[in-house]
Amino acid sequence: MDFDSALVLAHSSAGLSLLALAITSVVIAVLIAVKPAVDPANIVLVKTANVVSLFEVLVALTVTLTGLIAMYIGSLPVSQLWLWLSLVVMAFYIVALIWVTKPARMSVAEGGSEVKSGMQVVLQVGHVLLLLPAYALMILKPI
């Protein structure tokens, strides 16, 4: 197996892993939202959600870096719109995961209301939906 096919395999595998982690985050968010208060079960769920979130950020960075390396190795021009859109989607995904979704999850675990818990679930579902255009751009690229 040459380096190009190994890189494409790593990029694809990381992308599928990111989708699985995002769906896992949605499931954990729904479980936290069942009883939005300080509860021993919620403390364990929040710790689990933080670990999943850390892996999600690392895998998203892996997807982004392997995509950029594949772009440079494949000698694709940087000026292609689908490439920039994919990069912006992944950058927004990572930034929103760190600075929006994690604080929302922490506020629900500290005794949040139903509105906060619902917003947390919506944010997690939004992350899954944000991955769909990124995958579509990768699959439907004009090459």
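This report describes the fold, the nonpolar core, the surface and selected residues of a single chain.

## Model and confidence

The structure is a predicted model. The mean pLDDT of the chain is 85, and 93% of the residues reach 70 or more. Among the elements, the highest mean pLDDT, 90, belongs to α1, while α4 has the lowest, 84.

## Overall architecture

The chain contains 4 helices and 0 strands, and from the N terminus its elements follow the order α-α-α-α. Along the principal axes, the C-alpha trace spans about 55 × 30 × 20 Å.

Of the 143 residues, 37% count as buried. The accessible surface of the chain comes to about 8,100 Å², and carbon and sulfur atoms account for 79% of that area. Among contacts with a separation of 6 or more, 78% are between residues 24 or more positions apart.

## The nonpolar core

In soluble globular proteins, nonpolar side chains tend to be buried together. The largest nonpolar core of this model has 25 residues. Those touching the most other members are Leu 18, Ile 32, Val 59, Ala 60, Met 90, Tyr 93 and Leu 131. Two or more residues each come from α1, α2 (40-73), α3 (81-109) and α4 (114-139). The contribution of α2, with 8 residues, is the most from any element.

Ile 32 is one of the core residues that touch the most other members. Leaving aside neighbours within four places in sequence, Ile 32 is in contact with Asn 42, Leu 45, Val 46, Ala 49, Arg 105, Val 108 and Gln 120.

## Helix α1: buried and partly exposed positions

Helix α1 covers residues 3-34, and several of its positions can be compared by accessibility. Ser 25 lies in this helix and has a relative accessible area of 7%; because this is under the 20% limit, the residue counts as buried. When neighbours within four places in sequence are left aside, the contacts of Ser 25 are Val 52, Glu 56 and Gln 124.

Leu 19 is also found in α1. Its relative accessibility is 22%, which lies between the limits of 20% and 50%, so Leu 19 counts as partly exposed. Not counting residues up to four places away in sequence, Leu 19 touches Val 128, Leu 131 and Tyr 135. The C-alpha atoms of Leu 19 and Val 128 are separated by 6.9 Å, although the two residues are 109 residues apart along the chain. Leu 131, a contact of Leu 19, is listed among the core residues that touch the most other members.

Ser 13, another residue of α1, is partly exposed at 36% relative accessibility. The C-alpha atoms of Ser 13 and Val 63 are 8.7 Å apart in space, with their positions 50 residues apart along the chain.

## The nonpolar surface patch

A nonpolar patch of about 440 Å² is found on the surface. Its members are Ile 23, Val 27, Val 30, Leu 31 and Val 34. Leu 31 has its place in helix α1. With a relative accessible area of 44%, Leu 31 is partly exposed; patch members must have over 30% relative accessible area, so the value for Leu 31 satisfies that condition.

## An exposed position in helix α2

Leu 65 lies in helix α2. The relative accessible area of Leu 65 is 51%; because this is over 50%, the residue counts as exposed. The C-alpha atoms of Leu 65 and Val 46 are separated by 28 Å, and the two residues are 19 residues apart along the chain. Val 46 also appears among the contacts of Ile 32.

Note on methods:
Residues are numbered from 1 along each chain as its sequence is written. This is a predicted model: local features need pLDDT of at least 70, side-chain atom pairs count only at pLDDT 80 or more; totals for chains, interfaces and linings use all residues. Side-chain values use heavy atoms; hydrogens and water are left out. Patches are made of residues with over 30% relative accessible area and no salt bridge: like charges are joined within 9 Å, nonpolar side chains (Val, Leu, Ile, Met, Phe, Trp, Tyr) within 5 Å. Accessible areas come from the Shrake-Rupley method with a 1.4 Å probe; for residues, only the protein chains shown count as cover. A salt bridge is a side-chain nitrogen of Lys or Arg within 4 Å of a carboxyl oxygen of Asp or Glu. Buried means under 20% relative accessible area, exposed over 50%, partly exposed in between (1.4 Å probe, protein chains only). A nonpolar core is a set of buried Ala, Val, Leu, Ile, Met, Phe, Trp, Tyr and Cys residues joined through side-chain atoms within 4.5 Å. Contact means heavy atoms within 4.5 Å. pLDDT is the predictor's confidence in each residue, from 0 to 100.
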